[in-house]
Amino acid sequence: MCVTKNFYFWILQILGLLGILVLCLWLALRPGSPHFTITNFSVPAVNDSNTSDHGIIQYQLDIKNPNKDSGIYYDDILLIFYHGVNIVGNNTISSFTEGKNRSHQVLNHFDVDNPYWAALRSAILNATAELRVDLSTKVRYKTWLIKSRHHGLHREGDIPIGKDGKISNNKKKVKLRDASK
């Protein structure tokens with residue numbers, strides 16, 4: 001009887017150690033979310049005295065994969081820019097793959113049509129303009145030949161715009177944060 005109890009106790013110890021080992025491996029290999037940052041944001045013709053009925057906004061989106069062991073597959077990325085409650089522009093970035101511990105830069109622009117351009121231009125010239133950016137996409141992680149399920153990502157950020165048409169408040173970039181926080 002005593003030998004049987006020792007055998008079961010020994011089996012329970014091995015199962016407990018295996019469980020702890022699996023938990024540690026899961027925590028070590030669990031992929032982290034990518035980082036999205038808006039840099040080089042500008043409204044080039046804001047100080048132009050020839051006011052037109054539309055303007056152009058240029059931006060660069062930096063995407064960084066912080067994972068050392070996982071690549072990321074991105075579905076189409078949708079960016080929507082708001083001034084107040086009005087949508088002033090949107091862009092779609094085609095799907096792509098980003099390797100382990102790499103970064104990806106997208107330089108893009110969009111047109112702002114009237115009547116939103118007049119209100120945005122006026123706010124920029126008064127140094128009170130702020131655009132809100134919403135980013136939505138789905139990603140899949142690839143760790144050691146294993147692809148995960150799709151994970152939905154929704155990020156947002158506020159871009160304060162100075163009189164010069166660039167990011168103000170001594171910032172050079174705006175990091176997009178999780179929209180649920």
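D134 is buried, at 10% relative accessibility; buried means under 20% relative accessible area, exposed over 50%, and partly exposed in between, with a 1.4 Å probe and protein chains only. The side chain of D134 meets that of R132 in a salt bridge, 3.1 Å from N to O. A salt bridge here is a side-chain nitrogen of Lys or Arg within 4 Å of a carboxyl oxygen of Asp or Glu. R132 is partly exposed, with a relative accessible area of 28%.

**The model**

This is a predicted model, in which local features need pLDDT of at least 70 and side-chain atom pairs count only at pLDDT 80 or more, while totals for chains, interfaces and linings use all residues. Residues are numbered from 1 along each chain as its sequence is written, and side-chain values use heavy atoms, with hydrogens and water left out.

The pLDDT is the predictor's confidence in each residue, from 0 to 100. The protein averages 85, and 92% of the residues score at least 70. Among its elements, strand β4 (residues 77-83) has the highest mean pLDDT, 93, and strand β9 (residues 146-147) the lowest, 78. Helices (H or I, at least four residues) and strands (E, at least two) are DSSP runs, numbered from the N terminus.

**Salt bridges**

Side chains of opposite charge can pair when their charged atoms come close. The whole structure holds three salt bridges, listed here.

| Pair | Closest N to O distance |
|---|---|
| D134 and R132 | 3.1 Å |
| R155 and D178 | 3.5 Å |
| D158 and R177 | 3.9 Å |

R155 forms its salt bridge with D178. R155 lies in strand β10 and D178 in strand β12 (residues 177-178), so the pair ties together parts that are 23 residues apart in sequence. R155 is buried, at 9% relative accessibility, whereas D178 is partly exposed, at 27%.

The side chains of D158 and R177 also meet in a salt bridge. This pair links distant parts of the chain, with D158 in strand β10 and R177 in strand β12, 19 residues apart. D158 is partly exposed at 30% relative accessibility, and R177 is partly exposed at 39%.

**A buried charge without a salt bridge**

E156 is in strand β10 (residues 151-161). Which side chain of opposite charge is nearest to E156? The nearest is that of R177, 4.0 Å away, and E156 is buried yet has no salt bridge. For charge, Lys and Arg count as positive and Asp and Glu as negative, while His and the chain ends are not counted. Not counting residues up to four places away in sequence, E156 touches R132, V133, D134, L176, R177 and A179; contact means heavy atoms within 4.5 Å.

**L79 and D69**

L79 lies in strand β4. L79 is buried, with a relative accessible area of 0%. Leaving aside neighbours within four places in sequence, its contacts include Y59, L61, I93, V133, D134 and L135. The C-alpha atoms of L79 and R155 are separated by 9.5 Å, with their positions 76 residues apart along the chain.

D69 is found in the loop between β2 and β3 (70-74). D69 is partly exposed, with a relative accessible area of 34%. The C-alpha atoms of D69 and R155, 86 residues apart along the chain, are separated by 23 Å.

**Helix α2**

In helix α2 (residues 116-125), W117, L120, R121, A123 and I124 are buried. Seen down the axis of α2, these buried residues fall within an arc of 165°, so they line one face of the helix. The arc is that of the directions from the helix axis to the C-beta atoms. An α-helix has 3.6 residues a turn, so residues three or four places apart point the same way. The cover over the buried residues of α2 includes β2 (54-64), β4, β7 (103-113), β8 (129-143) and β10.

**Positive phi angles**

Just after α2, A127 takes a positive phi of about 60°. N40, in strand β1 (residues 35-42), has a positive phi of about 50° although it is not a glycine. N40 is exposed, with a relative accessible area of 52%. N101 is found in the loop between β6 (96-98) and β7, and its phi is near 55°, a positive value in a residue other than glycine. N101 is partly exposed, at 41%.

**The UniProt record**

An unreviewed UniProt entry lists residues 61-156 as "domain: Late embryogenesis abundant protein LEA-2 subgroup". UniProt positions are given in the numbering used here, feature names are shortened, and annotations may be inferred rather than shown by experiment. Over residues 61-156 the chain is 10% helix and 64% strand, and the end C-alpha atoms are 13 Å apart.
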